[in-house]
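Please walk through this structure with me, from one side chain out to the contact between chains.

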Amino acid sequence: MNTAGKERTMNRFQKIAWFNLAVITATILITSTAIAIEIRMRGYSTIGPCFVVILALLKATPFLFKKPQGQSGVVCDERDHFIRNRAASFAYTAFWYVLFLFCFLLWFIIGPENSVPTIALPLTAFGGALFIKTVASVAILVQYGWRDKGEKL
Amino acid sequence: MNRQQKIAWFQLAVIAMAAIASAAISEIYVYKDGLNFSKAWWFGTVWPVILGIILMTSAPLLFRKKKGQVDFDERDLTIDRWAARISYGMSYAFLFIICMAIGTTSGFDRLIPTYWLARIALGGFIIMIAAQALTILLCYGRQAKHG
């Protein structure tokens, strides 16, 4: 494929998707490592879970990946809208399937009369949001083809 | 009315009937069998909810597309997407609020029976269907418009 003279770059949504995946992966790795080290040293963990604040970076994407200003500032067409909508729809559908499986498997495995810690509920909601973000990002990247296709911004 | 509106009305009707049936059966369990409210509600909601979910999910099969006739254009697609987006948002908001409310009111160091998780998941699903049906009806204008 001849790409000489063409500016090969990912579009804004691909960059945001990669950024989201990187932040989520880094948060999971750093937090779990910190918790593991702390538990090994002290037997309990208080500082480790605080590393989830890294996820606040996910809210910074509008500032980090700004829409280009100027004459050639069109960054989103119908195909992009379609890809984003499909990714969001797929992510939410996958989330509800996983949630149903999780709740009913737990119900069947542990038994309806047995109990789970209450902290499992907020963790489910929080984990669900991360799951949706991850699946939506992967779905966006899959639909665009993971890498740049010589699109000009 | 077009097919989407018919399905939406049908789903809302099923939810309403399931809610009424659940309340009636729960009452019977409380006053006739002497069960406490929590248990009666659990037993009373099982069958109406299961039947309701089966009926709601099979609505597209009950209202089939007419062969050889275009009954879905871009406007319908936009409405469908809007409804899906709102329903997913509402159901996640419900899940988040319920989970946080239970956690903060009962304390994070307590235990909760596993059937509560199943109840929350079912509640979220019902809210998703209801929000989708309502959004479709509101977007189309609730009544037939030469459809």
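The side chain of Ser137(A) comes within 2.8 Å of the backbone oxygen of Lys133(A). This is a predicted model, and every value here is computed from it. Ser137(A) is part of helix H4 of chain A, which spans residues 120-144. Is Ser137(A) buried or exposed? Its relative accessible area is 3%, and the cut-off for buried is under 20%. Ser137(A) is therefore buried. Beyond its neighbours within four places in sequence, Ser137(A) touches Ala17(A), Asn20(A) and Leu21(A).

Now step back to chain A as a whole. Chain A has four helices and one strand. From the N terminus, the order of elements is α-α-α-β-α. Chain A holds 153 residues, and 34% of them count as buried. Take the contacts in chain A between residues at least 6 apart in sequence. Of these, 79% join residues at least 24 apart.

The strand of chain A leads across to chain B. Strand S1 of chain A covers residues 115-117 and pairs with S1(B). The pairing is antiparallel and runs over three bridges. Within it, Val116(A) stands opposite Ile112(B) of S1(B).

Next comes the whole interface. How many residues does the contact take from each chain? Chain B gives 29 residues and chain A gives 30 residues. Interface size is often stated as the accessible area lost when the parts come together. Here the area buried between chain B and chain A is about 2,600 Å². Carbon and sulfur atoms give 75% of that area. On the chain B side, Tyr88(B), Thr114(B) and Leu117(B) supply 26% of the area that chain B buries against chain A. No other three residues supply more.

Polar links are part of the picture too. Between chain B and chain A, eight residue pairs are in polar contact, with both residues at pLDDT 80 or more. The salt-bridge rule finds zero salt bridges across this interface.

Which elements of chain B give two or more residues to the side that touches chain A? They are helix H4 (74-106), strand S1 (111-113) and helix H5 (115-140) of chain B. H4(B) gives the most, with 12 residues. Sorted by class, the side of chain B that touches chain A has 20 nonpolar, six polar and three charged residues.

Key. Residues are numbered from 1 along each chain as its sequence is written. Chains are lettered from A and ligands numbered from 1 in the order in which they are written. This is a predicted model: local features need pLDDT of at least 70, side-chain atom pairs count only at pLDDT 80 or more; totals for chains, interfaces and linings use all residues. Side-chain values use heavy atoms; hydrogens and water are left out. Contact means heavy atoms within 4.5 Å. Buried area is the accessible area (1.4 Å probe) that two parts lose on being put together, summed over both. A salt bridge is a side-chain nitrogen of Lys or Arg within 4 Å of a carboxyl oxygen of Asp or Glu. A polar contact is a pair of N or O atoms within 3.5 Å; within protein, one must be able to donate a hydrogen and the other to accept it, and residues adjacent in sequence count only if both atoms are side-chain atoms. Ala, Val, Leu, Ile, Met, Phe, Trp, Tyr, Cys and Pro count as nonpolar, Asp, Glu, Lys and Arg as charged, and the others, Gly among them, as polar. Two strands pair if DSSP finds at least two bridges between them. Buried means under 20% relative accessible area, exposed over 50%, partly exposed in between (1.4 Å probe, protein chains only).
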